[in-house]
Amino acid sequence: MAFLLCILSFPYFSKIKANAFGVNHVQTIDGLRGFLAYGVVFSHGQNFHTLLETGQWAGSPNPFYNMFGTIAVRLFFMVTAYLFWSKLLSSQERMKWPSFYIKRFCRIAPVYWFACFCVFIIVMIETHWTLQVSWIAFCKQIGAWLALGVLPLPDINNYMMSSMILLGVVWTLQYEWLFYGLLPFVSWFAQSKKRALYFIVYAIVVISITAFFTHAYPIFSQILAVLFIFLMGMLCATLQQYLKKIPLSPIIQSFIVLSILIAIFVFVPGGVYFSTILFAIIFFFIISGCSIFGLLTLPASQRMGEVSYGIYLLQGIVFYWVYSVQFIRHYVLQGSIEFWCVMTLITSLILFLAIFVHILIEKPGIQLGCILSHLWDRKKLAFNQKL
């Protein structure tokens, strides 16, 4: 991570700027995103090591590395909930939902479709550019993949475990869209911070009780757990309306956050709900301005956060490219030094790919979303004036 931050510290990367389109993000969140994305990368790196050793895709025998992915995904969900619930709480007028969804679509779709294109190319190379299924089945498979993670991802052209080329990270997009879809139905509660607080506390209690009685149903339990994580992010946004600033010095705040993080990694608390509460405490300090001794506000951290979507979504493609080399597969099993040398190579390639995609695809997509939403608002205003 220190090596990656050194790379991003070069003036050449100063063109990668957070808040480039006037979106009012919290600076510490901008810096947090990159570390979360790489938390998932390091977790998957350990999974690959286990795969090469045992032939099975599973977590590392050391829970320390598994915790990277756990913390990252849950905090990612909290970031999503916090940002958009905060927007609803601070909005002085009715939310323009068509414009909101246009911007979200243009933010998510271009990079995702690029990742899908890479997967299609890899699959066709592996299947020797020969169609193994009917054209109709093939088109259905492609259509499911292009649905922005909403539909389950089938194997493409009979290539087993096609979704694992992206390391299965697309599953989080399903819950992102679920959250975006629920927002209009709960936006009424955000018109008052008191009403919002009552709603969130009530929803947390209901989900916690429901989860206790439905733990035997894995899929339902996972949905409830993710909703609980979203609610904790919303709770942090609501509590921030009451407590604008934590009355502690930045150094003390950083010590508290670091202490909780160390405790989580050392004791590995069981249970989704208890550990999520600990993550939420950390998150509340971060949204309140805790930069963890200045780490999250470094220009390099801000730049890494700006390209974090590409880091998260495209990591599997780089892992596939690198581990397709037989020498590397043998080399990483020689010892820890060899493994981390390969991981340094992989994480660097992921960063450069994410930067490339950000400049050529992601950034223009965000700009297009702003333009289209502005045109929609203008047409709607003109239509209303005619009426």
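This passage describes the overall form of a predicted model of a protein chain, and then turns to one of its helices and to two of its cysteines.

The protein chain contains 14 helices and zero strands, so that, read from the N terminus on, its elements form an unbroken series of α entries. The radius of gyration of the protein chain is 22 Å, close to the 21 Å that the globule rule gives for 387 residues, and the chain is therefore as compact as a globular protein of that length. Along the principal axes, the C-alpha atoms occupy a box of roughly 60 × 55 × 55 Å. Of the 387 residues, 48% count as buried, while the accessible surface comes to about 19,500 Å², with 69% of it belonging to carbon and sulfur atoms. Among contacts between residues at least 6 apart in sequence, 79% join residues at least 24 apart.

Helix α3 comprises the 28 residues 63-90, and its end C-alpha atoms lie 40 Å apart, in agreement with the 40 Å expected at 1.5 Å a residue. This helix is mostly covered, since 21 of its 28 residues are buried. At the start of α3, a side-chain oxygen of N62 comes to within 3.0 Å of the backbone nitrogen of F64.

The count of disulfides, which requires cysteine sulfur atoms within 2.5 Å, comes to zero. C236 takes part in no disulfide, the nearest cysteine sulfur being that of C290, 13 Å away; C290 is likewise in no disulfide, with the sulfur of C236 as its nearest, 13 Å away. C236 counts as buried at 4% relative accessibility, and C290 is also buried, with a relative accessible area of 1%.

Definitions and conventions. Residues are numbered from 1 along each chain as its sequence is written. This is a predicted model: local features need pLDDT of at least 70, side-chain atom pairs count only at pLDDT 80 or more; totals for chains, interfaces and linings use all residues. Side-chain values use heavy atoms; hydrogens and water are left out. Buried means under 20% relative accessible area, exposed over 50%, partly exposed in between (1.4 Å probe, protein chains only). Helices (H or I, at least four residues) and strands (E, at least two) are DSSP runs, numbered from the N terminus. The expected span of a helix is 1.5 Å times one less than its number of residues. A polar contact is a pair of N or O atoms within 3.5 Å; within protein, one must be able to donate a hydrogen and the other to accept it, and residues adjacent in sequence count only if both atoms are side-chain atoms. The radius of gyration is taken over C-alpha atoms; the globule rule is 2.2 Å times the number of residues to the power 0.38. Contact means heavy atoms within 4.5 Å. Accessible areas come from the Shrake-Rupley method with a 1.4 Å probe; for residues, only the protein chains shown count as cover.
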